[in-house]
Amino acid sequence: MAITKYKVIKKNLETVINYAKNGEKTENGILVSAINCLPETAYPQMMLTKKAFHKEDGRLGYHIIQSFNDNEISPEKCNKIGIELAEQLWGDKYQVIVCTHTNKDNVHNHIVLNSVSFIDGSKYHNSNVEIALLRETNDDICRRYGLSVIETKKATKELDIAKSRIKNYNRNEGKMELIKADIDEAIKVAKKYKEFVDILSYKGYYIKRVENGMSISSPYYNRNIRLARAFGEDYTLDNVKFRIYRNGAYKMHETNENEKIYKIRIYDGIKINQEKLKTSSFYRLYVHYLYLLGKLPPKIHYEERTKEYYQEVDKFHKTNDEIKMIASFDLHSIEDTQKLKTQFLEEVTPLKNEREKLWREFNKTTNENQKNIIKGKIAIITNNINNINKEIQTCKRIINNSEKSKEKIV
């Protein structure tokens, strides 16, 4: 069970940050995390944001305390939940630090939020709706992790008030109605779910899947919007897919396996950078204006491709790799290629051993931050192993082709 408290920081932002980061309470800083800034330099980075937008006075930030029942949760999971809460509510626009304290009977998070957005300089205000969103988001995350939530009469009444505020806001806020209309239009036009995502992308939206739900970043707001929470059960992932396929616009055509025809989409015009659409509110607005000006969506036409076409493309790429290897390593015989293959095998063996060692270390550690670091190392090593394995396969093809032709490689 997590309880949240909200405090406005009107002065001494640095003092609050230093208190939250206190090494004696955060296991020497292991349980300090940051979003859109670095834990070590969170305060100066937040102040630079304020100076850049000339907003150094008034409300400096917000201090949120997220407390859990004793023994209900580990410090590492507590920190993870705090990060998830901060990411959902403020991660796409504000600088935040999440510090987990273990010095008291109950483990708890101190979340410090910069009041000024590093994206556009807008100030965050803890309105009744934002406080309601904090409460409901916190409860949703707790339920997902199997934690208890407060079920008293007072808590139930407060939750009902929070839901009422959110519902009223969604119904009366003009921008929310525009978002809902865009989503409904995309559902109506789309023939399948992927096309639904593409249509919204052309309008400046970015869709993120969360279990059976969807979170959306729009050109109208910088904070993410949970569709089912904003617009009701018709907007869960399963129900959106059901509505898309129910309209009958997309039907499967049975074909003989031997007569199977592949179709690829060819885009003519502007292409959207999905990574920027995900991370930049300015880019979402730019894409939205391109849509309004008629530059998006791009013109699309379909071209047929046969199974033999893809086989020939694959053959071409493999032949190209073989020619490049022969030229790069100056190969003149099967023996030269065998030596090169052996050299690659000797390179890949210690990498595989190192990866096994890291996986054992990953399984033993309980610290989430350390696990993420190890995972990153494993990903780098795996990429290197895949590249070397690709070279080994190229060597094998050269040897096989040479033996078949009974000729020396020139």
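At 37% relative accessibility, Glu185 counts as partly exposed, and its side chain meets that of Lys203 in a salt bridge, 2.7 Å from N to O. This is a predicted model, so take everything here as computed from its atoms. The two partners come from distant parts of the chain: Glu185 sits in helix α6 (residues 174-189), while Lys203 is 18 residues away in the loop between α7 (193-202) and β6 (206-210). Lys203 is buried, with a relative accessible area of just 1%.

**More salt bridges**

There are ten salt bridges in the structure. As for the general idea, side chains of opposite charge can pair when their charged atoms come close. Here are three of the pairs, with their N to O distances.

| Pair | N to O distance |
|---|---|
| Glu185 and Lys203 | 2.7 Å |
| Asp139 and Arg135 | 3.1 Å |
| Asp198 and Lys194 | 3.4 Å |

Asp198 and Lys194 both belong to helix α7, four residues apart, or about one turn. Asp198 is buried at 10% relative accessibility, whereas Lys194 is partly exposed at 47%. The Asp139 and Arg135 pair has that kind of spacing too: four residues, about one turn, within helix α4. In general, an α-helix has 3.6 residues a turn, so residues three or four places apart point the same way. Asp139 counts as buried at 5% relative accessibility, and Arg135 counts as buried at 16%. Elsewhere, Lys180, Asp184 and Arg243 are linked in a salt-bridge network.

**Helix α4**

Does the length of α4 point to a regular or an irregular rise? With 17 residues (128-144) at 1.5 Å a residue, α4 should span 24 Å, and its end C-alpha atoms are 24 Å apart, which agrees. The helix is mostly covered, with twelve of its 17 residues buried. Among them are nonpolar residues such as Val129, Leu133, Leu134 and Ile141, but also Glu130, Glu136 and Asn138. Just past the helix, Gly146 takes a positive phi of about 75°.

**Cores and surface**

The chain has 14 helices and ten strands, and 40% of its 410 residues count as buried. Among contacts with a separation of 6 or more, 72% join residues 24 or more positions apart.

The largest nonpolar core holds 25 residues, and Phe68, Ile73, Trp90, Val96, Ile111 and Leu113 have the most contacts inside it. At least two residues each come from β3, α3 (75-90), β4 (96-101), β5 (108-114) and α4. The biggest contribution is that of α3, with six residues. Beyond its neighbours within four places in sequence, Ile73 touches Phe68, Cys78, Ile81, Val107 and Leu147. A second, separate core of 22 residues includes Met176, Ala190, Ala230 and Leu237.

On the outside, the chain exposes about 23,800 Å², with carbon and sulfur atoms supplying 51% of that area. Leu285, Tyr289, Leu292 and Leu293 make a nonpolar surface patch of about 430 Å². Tyr289 is in helix α11 and is partly exposed, with a relative accessible area of 47%.

**Backbone oddities**

Most residues other than glycine have a negative phi, and most peptide bonds are trans. A few spots go the other way. His54, in the loop between α2 (42-52) and β3 (61-68), has a positive phi of about 55°. His54 is also exposed, at 70% relative accessible area. Asp330, in the loop between α12 (307-328) and α13 (334-364), has a positive phi near 55°. Finally, the peptide bond from Leu296 to Pro297 is cis, with omega near 0°; Pro297 lies in the loop between α11 (281-292) and β10 (299-305).

Methods. Residues numbered from 1 in each chain as written. Predicted model: local features only at pLDDT ≥ 70, side-chain atom pairs only at ≥ 80, totals over all residues. Heavy atoms only, no water. Expected span 1.5 Å × (residues − 1). Buried < 20%, exposed > 50% of the residue type's maximum accessible area, 1.4 Å probe, protein only. Patch = residues over 30% accessible without salt bridge, like charges linked within 9 Å, V, L, I, M, F, W, Y side chains within 5 Å. Areas by Shrake-Rupley, 256 points an atom, 1.4 Å probe, with all protein chains shown as cover. Salt bridge = Lys/Arg side-chain N within 4 Å of Asp/Glu carboxyl O. Contact = heavy atoms within 4.5 Å. Core = buried A, V, L, I, M, F, W, Y, C linked by side-chain atoms within 4.5 Å.
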